[in-house]
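Hello,

Here is the structure we discussed handing over. My notes on its cavities and cysteines follow below.

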Amino acid sequence: MCQGAGRQLSSETMTLDTEPVVINMGPQHPSTHGVFRMRVTFDGEVILDLEPIFGYLHRGIEKLAEHKTYLQNMPYTDRLDYLASMSNNMAYAMAVEKLAGIEVPERAEYIRVIMAELMRISSHLVGVGALFNDMGAFMTPFLYMYREREKILDLFEMVCGQRLTYNYMRFGGVSHDLPEEFIPTLKRFIDEMPGYIDEYDQLLAENEIVLARSKGVGILPADKAINASVSGPVLRGSGVKWDLRKNNPYSIYDRFDFDIPTGTVGDVYDRYRVRVEEMRQSVRIVRQAMEQLPEGEVRTKVPTPLKPPPGEAYVCIEAPKGELGFYLVSDGSAKPYRFKIRAPCLINLTMLRDMVVGWMLADAIVTLGSIDICMGEVDR
Amino acid sequence: MTEPLSSSEVAQQIGEQLPDAVTGSDESTVFVRSESLLDVARFLKQNLDFDYLISITAVDFLDHFDVIYHLRSIKNNYSVVLRTRCDNRGSPRVPSVVSLWQGADFQEREIYDLMGITFEGHPNMKRIVLWEGYEGHPLRKDFHLDVPGGGKAT
């Protein structure tokens, strides 16, 4: 079987005289997943060098945050990886809670886990759908995956009234308790979801074009992935069994039974499979959380404005795209002295060049798609 | 669970190999001299299996910068925090750790861009989110948001 476009060069093609050409892909290009530019040096269609260039969406969130109170910064976190706002909310809330020593009620922890795992499913649906767009299965898988994502957005809309920028979590819990109709709707969704994932697999997992475009393409070996601080499905796709929910259990993740899917060779196909399996695992976690969900308060009282004691805290969670960390420094005032975001999408991009040099243009598109970046988080 | 290694023990182990490198330690952090940072980082990577650089951060304290390295060992699941101080505000310099952990590449460039700290030995030390030719470094505390261009930020 052919393995990606890059291995199809015949010896006849190689003897032709060529010269390197520099081409800018993006910043406005449908396959760059936002305003992202790749400055690519080609020899014919083979990539000799690639430099990712970004910053088009840089809003200076880290600086702006130093001029807002802790709570006013919560909506900013929605605008990092805007496909995973709930996870961003959760990481930031946990960081402030650690800094200020705030306890979270049991019920709120469960609600947070349900939201974070639904968010993971939703983010992976977009990631996998967009990957198939890049491979040429234009719009059909994407649209089916958006059908399910829509149901998750409906659930989020029920709890906080928003479909994209939720601003749902608070220090010491969440902003509102679940509405009455939430649990039955959620139950219907998680009963249906495994069937939908089977449906995607029937359509795509063994599809010959998918295999040809993704097997053996964009390989990232495990040792290189670790050395480059890569995290999330990209790291696990390379065969490293590392997931913060298991290896450094935060919140209440130690109470749930779930597996960590990993790949073997670290190619585009492995990363795609890891994301699909993670969706199944997330459904398992949501089901358990829903069954165990206790009654009670959803928010502890915290002083307004919140003034954490001087100190610093680093908190990281397993966000859909990797290890999302917040490093906060407090000087005892109502605003953070330093607000640093450890953005998984930015750091995962480090290896893009190494993964595509020597391959063809079409492989670079697919490899970038398999890293699953979100420019809101890369640029901040 | 990722166990934070006892920073006093780590400091002691570094001290045995590299005397004068460590300036102190508190409950989670080892403080090192910026000149010895690369040696300390290499020691931690090779002898204590710190194979994963979680993040690099810089904080501006006006009279000095702190550069903070969060390290983890994926192999043994433990972590440590390294912290180094950088006094020269005119042209702050810290050795780059890209030769040890490739994951430092974009993070060091980002700190250079936004905080104005040069990482010596970095293969491609240029701005990453702002454009070439931009003056000033927005994350510095003397860069003011209410003045166009940040005021006198150098």
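**Cavities and cysteines**

By class, the lining of the second largest cavity has five nonpolar, no polar and four charged residues. Please keep in mind that this is a predicted model.

That cavity has a volume of about 60 Å³. Its lining draws on both chains, including A:Glu62, A:Arg338, A:Lys340, B:Glu110 and B:Leu139. H3 of chain B gives the largest share, four residues, and strand S8 (338-342) of chain A also supplies at least two.

The search of the whole structure gave two cavities of 30 Å³ or more. The largest holds about 100 Å³ of space. Among its lining residues are A:His58, A:Gly60, A:Asp379, A:Arg380, B:Val129 and B:Pro138. Helix H2 (61-65) of chain A and helix H3 (104-115) of chain B each contribute at least two residues there, and H2(A) gives the most, with three. This lining divides into five nonpolar, two polar and five charged residues.

A:Glu62, B:Glu110, B:Leu114 and B:Leu139 appear in the lining of the largest cavity and also in that of the second largest.

On the cysteines: there are zero disulfides over all chains. A:Cys160 is unpaired because its sulfur is 18 Å from the closest cysteine sulfur, in A:Cys374, which is too far for a bond. A:Cys316 is in no disulfide either, the nearest cysteine sulfur, that of A:Cys345, being 16 Å away. A:Cys160 is buried, at a relative accessible area of 19%, and A:Cys316 is buried as well, at 10%.

Regards

Methods
Residues numbered from 1 in each chain as written. Chains lettered and ligands numbered in written order. Predicted model: local features only at pLDDT ≥ 70, side-chain atom pairs only at ≥ 80, totals over all residues. Heavy atoms only, no water. Disulfide = S-S within 2.5 Å. Buried < 20%, exposed > 50% of the residue type's maximum accessible area, 1.4 Å probe, protein only. 1 Å grid on protein atoms, 1.4 Å probe; cavity = no way out; pocket = protein on both sides within 12 Å on 5 of 7 lines; lining within 4 Å. Points joined across faces, edges and corners; volume = space filled by probe spheres on them. Nonpolar A, V, L, I, M, F, W, Y, C, P; charged D, E, K, R; others polar.
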